[in-house]
Amino acid sequence: MKQKFDIIESTCVPLPLENVDTDQIIPARFLKATTREESFFGENLFCDWRYDKDGKAKEDFVFNRSPFNRKPAPGVCEILVAGKNFGSGSSREHAAWAIAGYGFKVVISSFFADIHKNNELNNFVLPVVVSEGFLSELFASIAADPQSKVRVDVGAQTVTNLASGRSESFELNGYKKYCLMNALDDIDYLLEKKSAIEEYEKRV
């Protein structure tokens, strides 16, 4: 979903597991779907971890436990905090569709698989890379108080654990930053530059 990114301040959903791959994010059987609707994929995000074979919610999975079982809304559960090496495995864009479709705006980890990281950016989900020490602190803060919040300032490229006051800077490609802050996908960006492109074509 296209949306403008500026400052996101929200409680977080913790997923302290390393090497979460795209098949765990969205199982392969859903890749056969004929729809592109993010809501469909969002409903099946981490499906095999969330539900048993009969479709019943697994009570031990974090998405099914209060207060993390709320659908993301402004200021609530908009940030997923995940373990190292998030989004490894196949390059399926469906994994980014599922994360966006569920309602997450930001995923924080100490390392992302490159293709998945780019897929998130292309689908209006911001991947924020932090140090392993900062990530561990975030998990500890959420465990101590599930209502603790994190503030992500896209313009300043900073992420702050409001429970401790500690901040870190994160890298963000200038082009993608502009697109996120203006709710533009690649085609929108080109259309925005249409006049300049046409003027250039007249000169060459």
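Which residues of the largest nonpolar core touch the most other members? In this predicted model, the answer is Phe46, Phe63, Phe86, Ile108 and Leu126, out of a core of 53 residues. Several elements feed into this core: β1 (7-15), β2 (79-82), α4 (94-102), β3 (106-109), β4, α6 (132-144) and β5 each put in at least two residues. Helix α4 gives the most, with 6 residues. That fits a familiar pattern, since nonpolar side chains tend to be buried together in soluble globular proteins.

Ile108 makes a handy entry point into the core. Setting aside neighbours within four places in sequence, isoleucine 108 is in contact with a run of residues from Ile79 to Ala82, namely Ile79, Leu80, Val81 and Ala82. The rest of its contact list reads Val128, Val130, Leu135, Leu138, Val150 and Val159.

Now for the sheet. Its 7 strands form an open arrangement in the order β4-β3-β2-β1-β5-β6-β7, and the pairing is mixed. At the edges sit β4 (126-129) and β7 (166-169), each of which pairs on one side only. From one strand to the next, the twist averages 30°. Strands of a sheet pair through backbone hydrogen bonds, and they can do so parallel or antiparallel. Strands β5 (residues 149-153) and β6 (residues 158-161) take the antiparallel option, with 4 bridges joining them. One bridge can be picked out by its partners: valine 152 is matched with valine 159 in β6. Val159 also turns up among the contacts of isoleucine 108.

Threonine 22 is worth a closer look. This residue belongs to helix α1 (residues 22-25). Threonine 22 counts as buried because its relative accessible area is 1%, which is under 20%. A polar atom of the threonine 22 side chain lies 2.9 Å from the backbone oxygen of serine 90. Ser90 is also in the contact list of threonine 22, which, leaving aside neighbours within four places in sequence, further includes Gly87, Ser88, Gly89, Arg92, Ala95 and His116.

As for the cysteines, the structure holds 0 disulfides. Cysteine 47 is in no disulfide, and the nearest cysteine sulfur, that of cysteine 77, is 19 Å away. A disulfide would need the two sulfur atoms within 2.5 Å, so cysteine 47 has no partner. Cysteine 47 is buried, at 9% relative accessibility. Cysteine 179 is buried too, with a relative accessible area of 3%.

How values were computed:
Residues are numbered from 1 along each chain as its sequence is written. This is a predicted model: local features need pLDDT of at least 70, side-chain atom pairs count only at pLDDT 80 or more; totals for chains, interfaces and linings use all residues. Side-chain values use heavy atoms; hydrogens and water are left out. Two strands pair if DSSP finds at least two bridges between them. Axes are lines fitted to C-alpha atoms, for helices over the stretch in contact, and angles run from 0 to 180 degrees between N-to-C directions. Buried means under 20% relative accessible area, exposed over 50%, partly exposed in between (1.4 Å probe, protein chains only). A polar contact is a pair of N or O atoms within 3.5 Å; within protein, one must be able to donate a hydrogen and the other to accept it, and residues adjacent in sequence count only if both atoms are side-chain atoms. Contact means heavy atoms within 4.5 Å. A nonpolar core is a set of buried Ala, Val, Leu, Ile, Met, Phe, Trp, Tyr and Cys residues joined through side-chain atoms within 4.5 Å.
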